[in-house]
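Reader: Could you take me on a close look at a single part of this model? I would enjoy a connected walk through one residue and its surroundings.

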Amino acid sequence: MAYRFACVLLTVALCAAPVLSFSAGAPNGACGDMIPQHHTDPQKSAAPYQIILSKKQINAGEGVTITVQGNSAKDTIKGLLCQTRVGETPVGAFDVPPNNNYVQKLDCGNSKASAITHKKIATAPNAITFNWIAPKGLSEQAQVYCTIALNGGVFWVKHTSDFLKVN
């Protein structure tokens, strides 16, 4: 009887682990390819989300407000990983107040606050807003890349914003 109980307990633990592993944010290891380790393939269809920039052009050292928003009320956000990149190189830093209910800063490699990821989200919102600050000296066009999860099994990788011109 004890053996049977141990087998059932082990099976439940192994099945639950992939679902619960990253409910409080993406791991640092997802920074490069932005693919969550959800043990399922990403969606191939167009993402039902928009990445909205408050400005189309900023100066180096200035910030922009970014909103990730579902196209309809059912397009909620259970998981999120975003970086601002020039080509494939992450640039700048995110500014997220500690009392934000949905996202937190993530240090990718040696770059402090170079990404944001979700916190543990009980009730998934339809939109999440945060700020990004361009580094001093940057004079390029950048894009915001986001991996957005509707749930643990349905997600889109590297969905992009319009270009942001940084002078």
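**Around Glu88**

Author: Let's start with a side-chain pairing: Glu88 and Arg85 are joined by a polar contact of 2.7 Å between their side chains. Please keep in mind, as we go, that this is a predicted model.

Where does Glu88 lie? Its place is the loop between strand S4 (79–86) and strand S5 (89–90). With a relative accessibility of 48%, Glu88 counts as partly exposed, because exposed would require a value over 50%.

Now to the partners farther along the chain. Leaving aside residues up to four places away in sequence, Glu88 touches Tyr145 and Lys158. With Lys158 there is also a polar contact between the side chains, at 3.0 Å. So the side chain of Glu88 has a polar contact with Arg85 and another with Lys158. For a sense of the fold here, you can also look at Ala142: it is 54 residues from Glu88 along the chain, and the C-alpha atoms of the two are separated by 9.9 Å.

Tyr145 brings us back to Arg85. Arg85 lies over the face of the Tyr145 ring, at 5.4 Å from the ring centre. Arg85 therefore appears twice in this picture, because it sits over the ring of Tyr145 under the rule for a charge and a ring, and its side chain also has the 2.7 Å polar contact with Glu88.

Next, follow Lys158 into its own strand. Lys158 belongs to strand S11 (residues 154–160), and at 28% relative accessibility it counts as partly exposed. Its backbone deserves a glance too: phi of Lys158 is near 55 degrees, a positive value in a residue other than glycine. Most residues other than glycine have a negative phi. Ala113, in strand S8 (residues 111–118), also has a positive phi, near 55 degrees. Ala113 is buried, with a relative accessible area of 7%.

Strand S11 has one more thing to show you. The count of aromatic pairs in the model comes to two. One of them is formed by Tyr49 and Trp156, with ring centres 5.7 Å apart and planes at 65 degrees, so this pair is edge-to-face. It links distant parts of the chain, as Tyr49 is in strand S1 (residues 49–53) and Trp156 is in strand S11, 107 residues apart. Tyr49 is buried at 3% relative accessible area, and Trp156 is buried at 8%.

Conventions. Residues numbered from 1 in each chain as written. Predicted model: local features only at pLDDT ≥ 70, side-chain atom pairs only at ≥ 80, totals over all residues. Heavy atoms only, no water. Helix = DSSP H or I, 4+ residues; strand = E, 2+ residues; numbered from the N terminus. Buried < 20%, exposed > 50% of the residue type's maximum accessible area, 1.4 Å probe, protein only. Contact = heavy atoms within 4.5 Å. Polar contact = N/O pair within 3.5 Å; in protein donor to acceptor, adjacent residues only side chain to side chain. Phe/Tyr/Trp six-rings, centres within 6.5 Å; stacked < 30°, edge-to-face > 60°. Lys NZ or Arg CZ within 6 Å of the ring centre and 35° of its normal.
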